[in-house]
Amino acid sequence: MTPRHDREDIHVSTTDAASDRESLRDLAVRVAAEAGELAREGQAGITVLDTKSSPTDVVTKMDRATEDLIRARLLAERPDDAVLGEEGGDEGGTSGVRWVVDPIDGTVNYLYGHHDWAVSIAAEVDGVAVAAAVNVPRRDEMYEAVLGAGARLNGRTLQAPPAVPLEQALVATGFGYRPERRTQQARVLLEVIAHIRDIRRGGSAAVDLTGLAAGRFNAYYERGLHAWDWAAPGLVASEAGLRVGGLHGGPPGEDLVIAGRPELYEALQDLLAPLGADTDG
Ligand code: IPD
């Protein structure tokens with residue numbers, strides 16, 4: 001019998017899967033570039049259109065317009081795919097591919113004229129993120145990743161720096177919009193801050209996670225994110241050599257997302273678990 005590695009059928013299907021992922025990545029990058037340009041042009045003078053989970057959880061007309069453009073472009077090329085977007089919700093499909101989209105992650109930064117907001121687009125196959133693009137337009141940064149094939153920043157391979165001891169770690173985090181949740185998050189932070197180098201609150205989970213991959217922080221944690229917040233930047237971070245997960249070896253989830261080089265991830269997890277960082281207190 002022909003050895004497995006010489007068999008044409010196996011070779012073809014592996015190659016097909018890889019090139020499918022690359023073509024999903026290419027589409028994500030193209031659409032994130034166009035969407036980022038639209039959002040960048042619309043930032044000046046932007047105002048609040050609506051609110052969501054609390055009066056401070058805002059939506060602008062550009063969140064909606066950017067997501068509309070992303071959905072239209074993705075579905076024009078791949079009409080049988082599903083799309084989950086922060087603003088427009090779930091739209092079913094039949095192909096097994098689902099796009100997970102955050103049109104503007106860091107809407108409050110966007111509203112106040114800050115630079116750190118991002119367009120995030122991930123493609124999942126059977127629930128697993130296989131391709132991603134994160135565009136941070138005001139930094140001129142385009143991150144991209146393919147599952148099993150690495151991450152790149154503006155075309156260059158991205159490798160996160162090695163771990164540092166927890167007490168030397170610069171840790172990024174964020175806060176939810178509801179007062180009860182952020183009060184507990186502040187309580188957790190009060191303990192965490194005594195054990196690390198310092199904390200950064202940038203205002204965009206996508207910019208935090210991709211910035212972690214680029215070496216701007218050593219670790220990240222946050223409670224209350226949604227799939228659209230971590231799908232694309234989480235794949236960039238894991239393909240750059242970081243561990244991205246939840247507590248006790250679980251996957252990343254709304255309860256908690258932790259990211260860092262594996263040794264530091266473990267140390268941060270051990271610090272966070274007894275503090276109830278995955279609870280509202
Ligand atoms: C928010 C940002 C923020 C994080 C919040 C997110 P949005 O996303 O990522 O950094 O702390 O938890 O909801 O609302 O700006 O898309």
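**Two pockets between two domains**

About 250 Å³ of space lies in the second largest pocket. This pocket is a good place to enter the model, which is a predicted one. Its lining counts 13 residues, and those closest to the centre are Ala129, Trp230, Ala231, Leu235 and Pro252. Two elements give two or more residues to this lining: strand 7 (128–136) and helix 6. Helix 6 gives the most, with six residues. By class, nine of the lining residues are nonpolar, three are polar and one is charged.

Where does the second largest pocket lie with respect to domain 1 and domain 2? Domain 1 spans 4–158 and domain 2 spans 166–275. Both give residues to the lining, so the second largest pocket lies between them.

Now turn to the largest pocket. Its volume is about 740 Å³. The lining is made of 34 residues. Nearest the centre are Asp57, Phe175, Gly176, Tyr177 and Glu222. The class split is ten nonpolar, ten polar and 14 charged residues. Again both domains take part: domain 1 and domain 2 each give residues to the lining, so the largest pocket lies between them.

Which elements supply at least two residues of the lining of the largest pocket? They are strand 5 (97–105), helix 3, helix 4 (179–192) and helix 6 (227–239). Helix 6 thus has a part in the lining of the largest pocket and in that of the second largest pocket. In the largest pocket, however, helix 3 gives the most, with four residues.

Helix 3 deserves a closer look. It covers residues 107–111, and Thr107 belongs to it. Is Thr107 buried or exposed? Its relative accessible area is 6%. The cut-off for buried is under 20%, so Thr107 counts as buried. A polar atom of the Thr107 side chain lies 3.1 Å from the backbone oxygen of Ile104. Leaving aside residues up to four places away in sequence, Thr107 touches Val58, Thr60 and Asp63.

Helix 5 (residues 205–213) offers a whole element to examine. Nine of its nine residues are buried, so helix 5 is largely enclosed by the rest of the structure. The buried residues run from Ala205, Ala206 and Val207 through Asp208, Leu209 and Thr210 to Gly211, Leu212 and Ala213. The list includes Asp208 and Thr210, and by class Asp counts as charged and Thr as polar. After helix 5 comes Gly215, with a positive phi near 90 degrees.

Positive phi also turns up at residues that are not glycines. Asp126 is one of them, with a phi of about 50 degrees. It sits in the loop between strand 6 (118–125) and strand 7. Strand 7 is the element that also helps to line the second largest pocket. Asp126 has a relative accessibility of 67%, so it counts as exposed.

His248 is another. It is not a glycine, yet its phi is positive, about 55 degrees. Where is His248 placed? It is in the loop between strand 14 (243–245) and strand 15 (257–260). With a relative accessible area of 65%, His248 is exposed. The cut-off for exposed is over 50%, so the values of both Asp126 and His248 pass it.

How values were computed
Residues numbered from 1 in each chain as written. Predicted model: local features only at pLDDT ≥ 70, side-chain atom pairs only at ≥ 80, totals over all residues. Heavy atoms only, no water. Buried < 20%, exposed > 50% of the residue type's maximum accessible area, 1.4 Å probe, protein only. Polar contact = N/O pair within 3.5 Å; in protein donor to acceptor, adjacent residues only side chain to side chain. Contact = heavy atoms within 4.5 Å. 1 Å grid on protein atoms, 1.4 Å probe; cavity = no way out; pocket = protein on both sides within 12 Å on 5 of 7 lines; lining within 4 Å. Points joined across faces, edges and corners; volume = space filled by probe spheres on them. Domains from an automatic or database assignment.
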